[in-house]
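Reader: Could you take me closely through the cavity and then through what lies around it? I would like a connected account rather than a list.

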Amino acid sequence: MPGARHHYILVVLDSCRYDSLIAARPKTLPKLGRIERRWSYASWTAPSHFNLLMGLMPHTSPRHVFASDSYQREFLKFNERLGSDGLSFGSFLPGLYLPPLLRTLGYTTHAMVSMPVLNPATVLNHGFDSFELMERHNDMRAMLPRLKFDDGRRGFYLLNTGETHYPYALPSEPADQWPRISGVHGVFKHLDEHVVGGKLPRRRRQQFQPAKLRELRGRQIDAVRYLDTVLEELFDLVPRDTYITVTSDHGELFGEDGYFGHGPIQHEKVLEVPFVEGKLR
Ligand SMILES: [Zn+2]
């Protein structure tokens, strides 16, 4: 079995759109490498994380190539990520899922997630030694003291954080001051409350207010600026032989063509995500 020399951390800034991240002008993030504009395979959290945990990062939408070539290249990239030289596409078979593969390579495997839709009871929790839904949806800093690299084994961490997810709130901001858009808060928790006699009432047409949406986009940009300082703390505490990928699971719409948010949306901006990775020097 091919050895692996690196710890590996996959950071997912939930819902962070590529152009929000660029507008924030992060200072720490470029230490990993060039920030690329890539495309998520899915427009919402659960399928996108499944894809990431298969080992397929957001793609570059390459022209004039077969998809199989693209996948192969992506799987081979794990030699660089893990500091290995013997991994091939065959290493990922038959399970096609990263955590069990990493375990066979001797890794301990951990997830800290912020979105309830990724909770530990979901199928995503396969091959993990620990899988934790964080107490708050928007506190990446709280994850840092829980990272452990001291038992002599390589570690894999999935860190999903929600400061960049609606309502784009920093942990220091009291919840009663968060912006509210009626019908968006706690969507999954309250789904059944809208059902009347086994049916849903006619879908309401929403009138989005441009000024409100501009404010929300500004909040996502501010969230990135804040997360850049948390990433600086992360970079300071990880061992030198750590490879880090920072990306997003999908983008976000802020009123473009009548859309808000992500999920059941077919639009370029819901798939546009930032991608940067590398080893700290
Ligand atoms: Zn998401």
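**The cavity and its surroundings**

Author: In this predicted model, the structure holds one cavity of 30 Å³ or more, and the space within the largest cavity comes to about 40 Å³. Its lining is made up of Ser40, Tyr41, Ala42, Ser48, Asn51, Leu52, Leu56, Met57, Pro58, Ser248 and Asp249, which by class gives six nonpolar, four polar and one charged residues.

Asp249, one of these lining residues, is also a donor to the zinc ion, which is coordinated through Asp14 (OD), Asp14 (OD), Thr45 (OG1), Asp249 (OD) and His250 (NE2), at 2.0 to 2.8 Å. Along the chain, the donors of the zinc ion follow the spacing D-x30-T-x203-D-H. Because Asp14 sits in the loop between β1 (7-13) and α1 (18-23), while His250 sits in the loop between β6 (242-247) and β7 (253-254), the pair ties together parts that are 236 residues apart in sequence. Both Asp14 and His250 are buried.

The strands β1 and β6 return among the aromatic contacts, where a search of the whole structure finds 14 aromatic pairs. The rings of Tyr8 and Tyr243 have centres 6.3 Å apart and planes at 45°, so this pair is tilted. Since Tyr8 belongs to strand β1 and Tyr243 to strand β6, the pair ties together parts that are 235 residues apart in sequence; Tyr8 and Tyr243 are both buried. Ring pairs further link Tyr8 and Tyr243 into a cluster with Phe75, Phe78, Phe89, Phe92, Phe128, Phe131 and Phe156. Over the face of Phe78 lies Arg81, at 4.7 Å from the ring centre.

Conventions:
Residues numbered from 1 in each chain as written. Predicted model: local features only at pLDDT ≥ 70, side-chain atom pairs only at ≥ 80, totals over all residues. Heavy atoms only, no water. 1 Å grid on protein atoms, 1.4 Å probe; cavity = no way out; pocket = protein on both sides within 12 Å on 5 of 7 lines; lining within 4 Å. Points joined across faces, edges and corners; volume = space filled by probe spheres on them. Nonpolar A, V, L, I, M, F, W, Y, C, P; charged D, E, K, R; others polar. Donors = N, O, S within 2.8 Å, 3.2 Å for Na, K, Ca; no water. Helix = DSSP H or I, 4+ residues; strand = E, 2+ residues; numbered from the N terminus. Buried < 20%, exposed > 50% of the residue type's maximum accessible area, 1.4 Å probe, protein only. Phe/Tyr/Trp six-rings, centres within 6.5 Å; stacked < 30°, edge-to-face > 60°. Lys NZ or Arg CZ within 6 Å of the ring centre and 35° of its normal.
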